[in-house]
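Here is a set of short exercises to work through with the model open beside you. Try each task before reading its solution.

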Amino acid sequence: MKVVLRNPRRELEIAGPISVVALLNRLELNRESVLVIEGDELVPGDATLDGTQTIEIRPVISGGAE
């Protein structure tokens with residue numbers, strides 16, 4: 001499966017099937033600090049990726065009102 005990471009942008013090939021949690025652990029990413037996206041859909045943390053998808057991992061960015 002193709003995994004696209006942001007900040008900095010890079011692409012990796014990861015063999016599946018693999019759970020979202022295992023993927024993030026392998027990449028040493030904190031689940032609460034990133035969004036896992038397939039197409040236009042958020043992928044839940046308990047999902048299993050079959051290895052045929054293109055997955056994008058984006059950092060969570062928060063902002064607030066003053």
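**Exercise 1. Find what E56 touches, and place E56 in the fold.**

Step 1. Leaving out neighbours within four places in sequence, E56 is in contact with V4, R6, L35, V36 and I37; contact means heavy atoms within 4.5 Å.

Before going on, note that this is a predicted model, in which local features need pLDDT of at least 70, side-chain atom pairs count only at pLDDT 80 or more, and totals for chains, interfaces and linings use all residues. Residues are numbered from 1 along each chain as its sequence is written, and side-chain values use heavy atoms, with hydrogens and water left out.

Step 2. Locate the residue: E56 belongs to strand β7. Strands (E, at least two residues) and helices (H or I, at least four) are DSSP runs, numbered from the N terminus.

Step 3. Check its cover. E56 counts as buried because its relative accessible area is 14%; the cut-offs are under 20% for buried, over 50% for exposed, and partly exposed in between, with a 1.4 Å probe and protein chains only.

**Exercise 2. Work out which parts of the chain the pair R6 and E56 ties together.**

Step 1. Look at the side chains: those of E56 and R6 share a polar contact of 2.7 Å. A polar contact is a pair of N or O atoms within 3.5 Å; within protein, one must be able to donate a hydrogen and the other to accept it, and residues adjacent in sequence count only if both atoms are side-chain atoms.

Step 2. Test for a salt bridge, which needs a side-chain nitrogen of Lys or Arg within 4 Å of a carboxyl oxygen of Asp or Glu. R6 and E56 form one, with the closest N and O atoms 2.7 Å apart.

Step 3. R6 lies in the loop between β1 (2-5) and β2 while E56 is in strand β7, so the pair ties together parts that are 50 residues apart in sequence.

Step 4. Compare the cover of the partners: R6 is partly exposed, at 32% relative accessible area, whereas E56 is buried at 14%.

**Exercise 3. Trace the salt bridges of E11.**

Step 1. The structure holds four salt bridges. One of them joins E11 to R9, with the closest N and O atoms 2.9 Å apart.

Step 2. Salt bridges with shared partners link K2, R9 and E11 into one network.

Step 3. For E11 and K2, the closest N and O atoms are 3.6 Å apart.

Step 4. E11 is partly exposed at 43% relative accessible area, and K2 is partly exposed at 31%.

**Exercise 4. Lay out the strand partners of β4.**

Step 1. Strand β4 (residues 34-38) runs antiparallel to strand β7 (residues 54-59), and five bridges join them. Two strands pair if DSSP finds at least two bridges between them.

Step 2. Within β7, I55 stands opposite E38.

Step 3. β4 is also joined to β5 by two bridges, again antiparallel. Here I37 has L42 in β5 as its bridge partner.

Step 4. Inspect the turn: the hairpin of β4 and β5 has two residues between the strands, and G39 takes a positive phi near 65° there.

**Exercise 5. Follow L42 to the surface.**

Step 1. L42 sits in strand β5 (residues 41-42) and counts as exposed because its relative accessibility is 56%.

Step 2. Together with L35 and V60, L42 forms a nonpolar surface patch of about 250 Å² accessible area. Patches are made of residues with over 30% relative accessible area and no salt bridge; like charges are joined within 9 Å, nonpolar side chains (Val, Leu, Ile, Met, Phe, Trp, Tyr) within 5 Å. The areas come from the Shrake-Rupley method with a 1.4 Å probe, and for residues only the protein chains shown count as cover.

**Exercise 6. Examine three loop residues: P17, E28 and Q53.**

Step 1. P17 is in the loop between β2 (10-13) and β3 (18-19). The peptide bond joining G16 and P17 is cis, with omega about 5°.

Step 2. E28 lies between α1 (20-26) and β4, in a loop. Its phi is near 55°, a positive value in a residue other than glycine, and E28 is exposed at 73% relative accessibility.

Step 3. Q53, in the loop between β6 (48-49) and β7, is buried at 12% relative accessibility. The Q53 side chain reaches the backbone nitrogen of D50 at 3.2 Å.
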